[in-house]
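User: I would like to learn how to read a structure of this kind, feature by feature. Could you take me through it, giving the general idea and then the case at hand?

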Amino acid sequence: MHISLAAEKIFHIFSFSITNSIITQWFVVLILVFLAIFISRKGYRLIPSGAQNIIEVIIGGAFSFVEDIMGSEEETKKIFPWVMTIFLFVLIPNWFGLLPGIGSVGFFEEKEGERILVPLFRSPNSDLNMTLALALISVVVTQAFSIARFGFKKHLIKYFNFHNPIKLFVGVLELFSELIRILSFSFRLFGNVFAGEVLLSVMLILIPFIAPLPFLGLEFLVGIIQALIFSLLTVIFLKTAINVHEI
């Protein structure tokens, strides 16, 4: 069994390498776009029924959950679309990676005298580039919300207050924590998803068919938990960023 830490390159567009994780992510984006178009075109009824009931329960419950953390309906309305997008963008790839064929359908090639399988599809969140990009976007958007709330000058003073040595020291530590947050976000998600894929691969080889089923269910649950943790931490950091701070 060959396990690659990095996503495998499938083809190139000019000098840009297209990996199997990127191909899978394209499918995930298409699914999300299709669902958004389908739901918006179908429209909503004043008296919900069928799938609309399920959607309203999920969205309503998620909104209430975020509102409890933010403590304000107005602030929740501002950040909820972003937080829900993050949640879906982590959850769907996690579940998509559990589908049959992901990681097992591909082509063989020779590497260092060994014939190995290069899968055409790979879970996007098992690629560190993807999780790092999500972490960077999450932190940058958090800073953008803070700048929009207080202005660039006041936001900058939050980290570099030269009028107060103690606040300057605390601000530098907080700036350093923002950088650590990027690493924490990316490696937490990558580590859990990649370890789950390796576990499933090992179980499929050792005891195929029946034995991997409990682990498949466990990874299904882990996918939800990881999406919830990522989005929940984003909410907490957003709340911290837009809270009024004394200068």
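User: Which residues of the largest nonpolar core touch the most other members?

Analyst: In this predicted model, the largest nonpolar core holds 25 residues, and those that touch the most other members are Val 66, Ile 79, Val 83, Leu 134 and Phe 230. The elements that give two or more residues to this core are helix H2 (51-70), H3, helix H4 (128-150), helix H6 (165-206) and H7, and the largest share, 9 residues, comes from H3. Taking Val 83 as an example, and leaving aside its neighbours within four places in sequence, we find it in contact with Val 66, Ser 231, Val 235 and Leu 238.

User: How should I read the length of helix H3, and where does H3 bend?

Analyst: One can compare the span expected at 1.5 Å a residue with the separation of the end C-alpha atoms: the 24 residues of H3 (residues 73-96) should span 34 Å, and the ends are 33 Å apart, which agrees. H3 nevertheless bends by about 45° at Ile 79, with a proline, Pro 81, following within four residues. At the N-terminal end of H3, Ser 72 acts as a cap, with a side-chain oxygen 3.4 Å from the backbone nitrogen of Glu 74.

User: What do the same readings give for H4?

Analyst: For H4, 23 residues at 1.5 Å each should span 33 Å, and the end C-alpha atoms are 33 Å apart, so the expectation and the model agree. At the start of H4, a side-chain oxygen of Asp 127 comes to within 3.1 Å of the backbone nitrogen of Asn 129, while just after H4 Gly 151 takes a positive phi of about 95°.

User: Which residues of H4 are buried?

Analyst: It helps to recall that an α-helix has 3.6 residues a turn, so residues three or four places apart point the same way. The buried residues of H4 are Met 130, Thr 131, Leu 134, Ala 135, Ser 138, Val 139, Thr 142, Gln 143, Ser 146 and Phe 150. Ala 144, which is also found in H4, counts as partly exposed because its relative accessibility is 41%, between the cut-offs of 20% and 50%.

User: What is the phi of Phe 14, and is Phe 14 buried or exposed?

Analyst: Most residues other than glycine have a negative phi. Phe 14 has a positive phi of about 60° although it is not a glycine, and its place is the loop between strand S1 (9-13) and strand S2 (16-19). Phe 14 counts as exposed because its relative accessibility is 83%, where the cut-off is over 50%.

User: How far apart in space are Val 222 and Asn 94?

Analyst: Separation along the chain and separation in space are worth reading side by side. Val 222 and Asn 94 lie 128 residues apart in sequence and 8.5 Å apart in space, C-alpha to C-alpha; Val 222 belongs to helix H7 (residues 212-242) and is buried, with a relative accessible area of 19%. Likewise, the C-alpha atoms of Ala 144 and Leu 238, 94 residues apart along the chain, are separated by 9.8 Å.

User: What does the protein look like as a whole, in terms of its helices and strands?

Analyst: The protein has 7 helices and 4 strands, running from the N terminus as β-β-α-α-α-β-β-α-α-α-α. Of its 247 residues, 34% count as buried, and among contacts between residues at least 6 apart in sequence, 65% join residues at least 24 apart. The accessible surface comes to about 14900 Å², of which 73% belongs to carbon and sulfur atoms.

How values were computed
Residues numbered from 1 in each chain as written. Predicted model: local features only at pLDDT ≥ 70, side-chain atom pairs only at ≥ 80, totals over all residues. Heavy atoms only, no water. Expected span 1.5 Å × (residues − 1). Bend = angle between axes of the 7 residues up to and from the residue. Polar contact = N/O pair within 3.5 Å; in protein donor to acceptor, adjacent residues only side chain to side chain. Buried < 20%, exposed > 50% of the residue type's maximum accessible area, 1.4 Å probe, protein only. Contact = heavy atoms within 4.5 Å. Areas by Shrake-Rupley, 256 points an atom, 1.4 Å probe, with all protein chains shown as cover. Core = buried A, V, L, I, M, F, W, Y, C linked by side-chain atoms within 4.5 Å.
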